[in-house]
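Biologist: Please examine the structure shown here with me. I shall put a series of questions, and I would ask that each reply set out its reasoning before the result.

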2 protein chains.
Amino acid sequence: MPEYKAPLRDMQFVMHELLESEKLYQTLPGYEDATADLMNAIVDEGAKFAENVLSPLNQSGDEEGCTWSPEGVKTPEGFAAAYQQYVEGGWPALPADPTYGGQGMPSFLGSIMSEMIGTANWSWGMYPGLSHGAVNTLEAHGDEEQKRKYLTKLIEGSWTGTMCLTESHCGSDLGLLRTKAEPQADGSYAITGNKIFISAGEHDMAENIVHIVLARLPDAPEGTKGISLFIVPKFNVNDDGSLGERNAVDCASIEHKMGIKASATCVMTFDGAKGYLIGPPNKGLACMFTFMNTARIGTAIQGLAHGELSYQGALAYARDRLAMRSLSGPKNPDGPADPIIVHADVRRMLLTQKALAEGSRAFIYFLAQQGDIVHAGDEERAKAADDLLAFLTPIAKAFITETGFESANLGLQVFGGHGFIREWGMEQIVRDARISTLYEGTTGIQALDLLGRKVLGSGGQLLMSFTGLMDEFCAAHTDAADAPYIDALKQYKDEWLEMSMKIGEAAMQNPDEAGAAAVDYLMYSGYVTLAYFWARMAVLARQKIAAAEGDTSFYEAKLMTARFYFDRLLPRTQAHKQVLLSGADNLMQMPEELFAI
Amino acid sequence: MPEYKAPLRDMQFVMHELLESEKLYQTLPGYEDATADLMNAIVDEGAKFAENVLSPLNQSGDEEGCTWSPEGVKTPEGFAAAYQQYVEGGWPALPADPTYGGQGMPSFLGSIMSEMIGTANWSWGMYPGLSHGAVNTLEAHGDEEQKRKYLTKLIEGSWTGTMCLTESHCGSDLGLLRTKAEPQADGSYAITGNKIFISAGEHDMAENIVHIVLARLPDAPEGTKGISLFIVPKFNVNDDGSLGERNAVDCASIEHKMGIKASATCVMTFDGAKGYLIGPPNKGLACMFTFMNTARIGTAIQGLAHGELSYQGALAYARDRLAMRSLSGPKNPDGPADPIIVHADVRRMLLTQKALAEGSRAFIYFLAQQGDIVHAGDEERAKAADDLLAFLTPIAKAFITETGFESANLGLQVFGGHGFIREWGMEQIVRDARISTLYEGTTGIQALDLLGRKVLGSGGQLLMSFTGLMDEFCAAHTDAADAPYIDALKQYKDEWLEMSMKIGEAAMQNPDEAGAAAVDYLMYSGYVTLAYFWARMAVLARQKIAAAEGDTSFYEAKLMTARFYFDRLLPRTQAHKQVLLSGADNLMQMPEELFAI
């Protein structure tokens, strides 16, 4: 298994040089403490925890997995102790509300922590990750008593949380869900039903688990408009905060999965369990939407994480493994063969990984900042940031996980046959990565959200909120040395707008046209979005080199990677473009019975 | 796990209607018995064996895996019994030399059997598959005594075989191998060394195992020119054919792998084991080359197999699973939601799988026929077929396995989160498929073989042997109804030739240009090659519909799938083209130390 080393230089480049975080947070009330020095200190500490505590448990966690018994779920050796260290380090509180014990740091820093934790050990990171979902829900929609009772413990980390949405017959289509909530005389609700795919639903890492559950009230309208949100604690909580009786919620079994095996994926049964309504009745799905973007960016981070780890493993191997001679003559004439990093095709794979990881990092950090602006900015800034988030989140989630899976596979490929062998750890990365294009909304669901709801649904306004940024950037950079990037970006931006218009027109005639174009449209959008970030990084790197600022070799590598991105990854847009303009007929004309004869 | 059903209608379409096998084999001496009726009867029987015996062992074999002990390797429950049935059915003898007990059927039929066996249970198919490699080697290079002693038993199936090539430090680069062969007084050789990744190296399915081993004679030249080929039996064989003493060859351990877990991948130690030279000294690698194409087409079949099985699973699920409503209005108004096959994006995934499987099937069957023509055709036909095989084999191996892995993943994706859960069996297909782009030469190795050795090495002659077929086909089909396919094919053919020329010129200046273009060139070539087969199938289907021959709906599905291929898969060439023409600098300029800072 590759040992994870946090790429701190690149992270700092994005945080400070590209995105000027200190300057931003000085302007956001409540975040003024987030100076560059403080952020670096936190990230350095987080890196140590990820590298020294979590990374060594990644492969052993996969091998051992979780085990279920009627008494509960045992997580792999070392997981609970690592969680204890995490709590003692105060990490759960980092981006949380200070009123309830949080440290009030930007969620931007929380995302960077998630990146490091997830790259070191994605399975482990699922436990605090799901807690984070519960914290967000309670911060936004809980009442004072609920916050006092549950939120403080979650922020402290002595309890963890879950999100109980999916049922076996419905995942993407939550309108079909059946779990019931019956009002009780004491103001609570009796929750009855079965939930599946509940990450961290049961484990041995914390003394209580706070489930956030979607269920239907007795008189609820059908479909998505009749869903409410409930708190269901594993142990009921007394008024003094002490733990009471065991609630009627149980983990019936855990799933056997392709990957993230150390993350307990639970089947949860609610058998008249005591639950408490959060937010208004029948508005559960709307409440969930308030942090859907956060959860989806959290999953985008998974694409970055697995891509980065696979890159680190593949790079080390490519420098070490000797096979064949460079086509242009021996590069290691004293050895029996050349290290495989001399071969153009190995470089193609490594550079693809590098360009995707660094581009995705810039994209994700940018989005995380937008989240903080929505939270703390003035109305106008919040609105602008919210528009950007609405538009870019489905792109980030689907594009970064799809390309992250590609990247994980490229790293395995660099190892040749050895990549298929478990001890090297490269195949685990592929297995772990495979879930990321599925959960939190599949790629197909993200694509419909992007094209249907966001682009066409806003009459193109949300798209233009982002292309507006591209315009500004292009207009501001007229140096001839930047022209290769700027010109390409302008051209793609025009093409993007034009294509969106065409699809919009076609979809007006036939809604299936949107469905037929959606995934290719999303992937096209992803490549262009990353091109924007790569162009920004390239321009900045060129300026730094020109000014002879800092370590020039870092900026030179950045420039070369940008060039690689524009030359070898961005052209994929042209295939997506042709395909998405080919119309819906070639998908819809085949009668169902002709799919197999 | 999807239950495999052999797609007999499509297989027969390719065998008889597209490739007119009976007509071909009437012209090949020794194969005149291979009538359509006989071939169908054999395939029908083979389908039953694959469906009823092997398919039910696929998931259980993965769950149980192989277990190693000092006494040997235990294959999963049911594997040995299935092998016994296979032997009793006479299957090992199907395409083998009648002089040594074979049935002398075309190897074309052997490939079709491999397809069905491999789709039903790839791991199981590895055992007879490796025997087949040993049979080919002995048929081509063994002397009379070796054939009598070993080949008859392999053809009978009571013994199995292996191919021992790889060592831990060398896979792609066999010139580095170290296993030694010391001549002994009795004319045998003492073989000493370690081999890894030896499929079927040890198991409990047959009474003896015949290892074909690459090793160096004491005075051998360095590199690939000093490698010889040896027979090393697990049990020495007495002159009367009975088993003698255990030979000094052992399975030291088996690998823990991502997939094909029921296939024993062995570390083999040779400790002065008795071996017998096959073929001339120091010509071992050349001897291996004589059937490298067969082995590579065997691996191409894996891409088809996993793509087909994943398609069968995904199609059944897509018809069954209800989620959301069609964008163009409910298609299942009485149910709570529509089956997901109504959604354009689910159709995009299914049609991608279908188009890849059916196109790959045509491509592979065509290649298998060429193998028989090389074997039995007159000199001129054999030369032409050999040229086609030389050119098309690396394309088939790499392109069909790369797209087969994509297809396996698309099938998993159709299942949403359920695809990640082991019980559905879809993730096993992905894990099993992952090895196919690695062994028998990685995609990168195939690409160098194609572009460097075949295209540039022949001054374009081998490429033109195939584009010549495309020309003939286009010239022969001038019906306006076929124009969309014919015109596109002509255009792509010109572009292919032109691009090849450009790369050739660039590579003359700088050999790294070939390495930098190779994989994109191969993928481009793959899409165009499949377009040729899809055009042929489309034209034929249109003719059948016009003539109202047979079941029109089959041909209509074929036409619609062809259209999908040309509209939605073939445009990927345009990305590969741009990338491969971008030159080597964007890969080679980055100094090694700048890959990570």
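**Aromatic contacts, symmetry and local geometry**

Modeller: I begin with B:Phe415, which counts as buried at 6% relative accessibility. This is a predicted model.

Biologist: With which ring does B:Phe415 form an edge-to-face pair?

Modeller: The planes of the two rings meet at 65°, and their centres are 5.4 Å apart. Planes over 60 degrees apart count as edge-to-face. The partner is partly exposed, with a relative accessible area of 32%. The ring in question is that of B:Trp424.

Biologist: Which residue of chain A forms a stacked pair with A:Phe415?

Modeller: The two ring centres lie 4.0 Å apart, with 15° between the planes. Because planes under 30 degrees apart count as stacked, the pair falls in that class. A:Phe415 is buried at 5% relative accessibility, and its partner is buried at 7%. That partner is A:Tyr317.

Biologist: How many residues apart in the chain are A:Tyr317 and A:Phe415?

Modeller: A:Tyr317 belongs to helix α9 (residues 284-320) of chain A. A:Phe415 is placed in the loop between α11 (379-414) and α12 (426-433) of chain A. The pair therefore links distant parts of the chain, and the separation is 98 residues.

Biologist: How many aromatic pairs are found over all chains?

Modeller: Ring pairs also join into a cluster in chain A, whose members include A:Phe363, A:Trp496 and A:Tyr532. A search of the whole structure gives a total, over all chains, of 57 aromatic pairs.

Biologist: Over the face of which ring does B:Arg9 lie?

Modeller: An arrangement of this kind is found in chain A, where A:Arg434 lies over the face of A:Phe405 at 5.2 Å from the ring centre. For B:Arg9, the distance to the ring centre is 4.1 Å. The ring beneath B:Arg9 is that of B:Phe554.

Biologist: What rotation superposes chain A on chain B?

Modeller: The superposition has an RMSD of 0.0 Å and a shift of 0.0 Å along the axis. The two copies are thus related as by a two-fold rotation axis. In chain A, the C-alpha nearest that axis is that of A:Ala575, 2.8 Å from it. The rotation is 180°.

Biologist: What percentage of the contact residues of chain A recur in chain B?

Modeller: The same surface serves both copies. The share of the contact residues of chain A that recur in chain B is 99%.

Biologist: How many disulfides does the structure hold, and why?

Modeller: B:Cys66 is buried, at 13% relative accessible area, and its sulfur is 7.8 Å from the closest cysteine sulfur, in B:Cys266, too far for a bond. B:Cys164 is buried at 0%, and its sulfur lies 9.1 Å from the closest cysteine sulfur, again in B:Cys266, which is also too far. A disulfide requires sulfur atoms within 2.5 Å. Over all chains the number of disulfides is 0.

Biologist: How many residues of α13(B) are buried?

Modeller: Helix α13 (residues 443-456) of chain B has 14 residues and reaches 18 Å from its first C-alpha to its last, close to the 20 Å expected. The helix is mostly covered, and its buried residues include B:Ile445, B:Leu450, B:Leu451 and B:Val455. Of its 14 residues, the number buried is 10.

Biologist: Is B:Ala200, a residue with phi near 60°, buried or exposed?

Modeller: Most residues other than glycine have a negative phi. B:Ala200 has a positive value and lies in the loop between β5 (189-199) and β6 (208-215) of chain B. A:Asn282 also has a positive phi, near 65°, and counts as partly exposed at 23% relative accessibility. At 2% relative accessibility, B:Ala200 counts as buried.

Biologist: Which residues does A:Asp10 touch, not counting residues up to four places away in sequence?

Modeller: A:Asp10 is situated in helix α1 (residues 8-18) of chain A, and it is buried, with a relative accessible area of 5%. A:Asp10 and A:Ala305 are 295 residues apart in sequence and 14 Å apart in space, C-alpha to C-alpha. Beyond four places in sequence, the residues that A:Asp10 touches are A:Glu358, A:Arg361, A:Phe554 and A:Lys558.

Note on methods. Residues numbered from 1 in each chain as written. Chains lettered and ligands numbered in written order. Predicted model: local features only at pLDDT ≥ 70, side-chain atom pairs only at ≥ 80, totals over all residues. Heavy atoms only, no water. Least-squares fit on C-alpha atoms with pLDDT ≥ 70 in both. Contact = heavy atoms within 4.5 Å. Buried < 20%, exposed > 50% of the residue type's maximum accessible area, 1.4 Å probe, protein only. Phe/Tyr/Trp six-rings, centres within 6.5 Å; stacked < 30°, edge-to-face > 60°. Helix = DSSP H or I, 4+ residues; strand = E, 2+ residues; numbered from the N terminus. Lys NZ or Arg CZ within 6 Å of the ring centre and 35° of its normal. Expected span 1.5 Å × (residues − 1).
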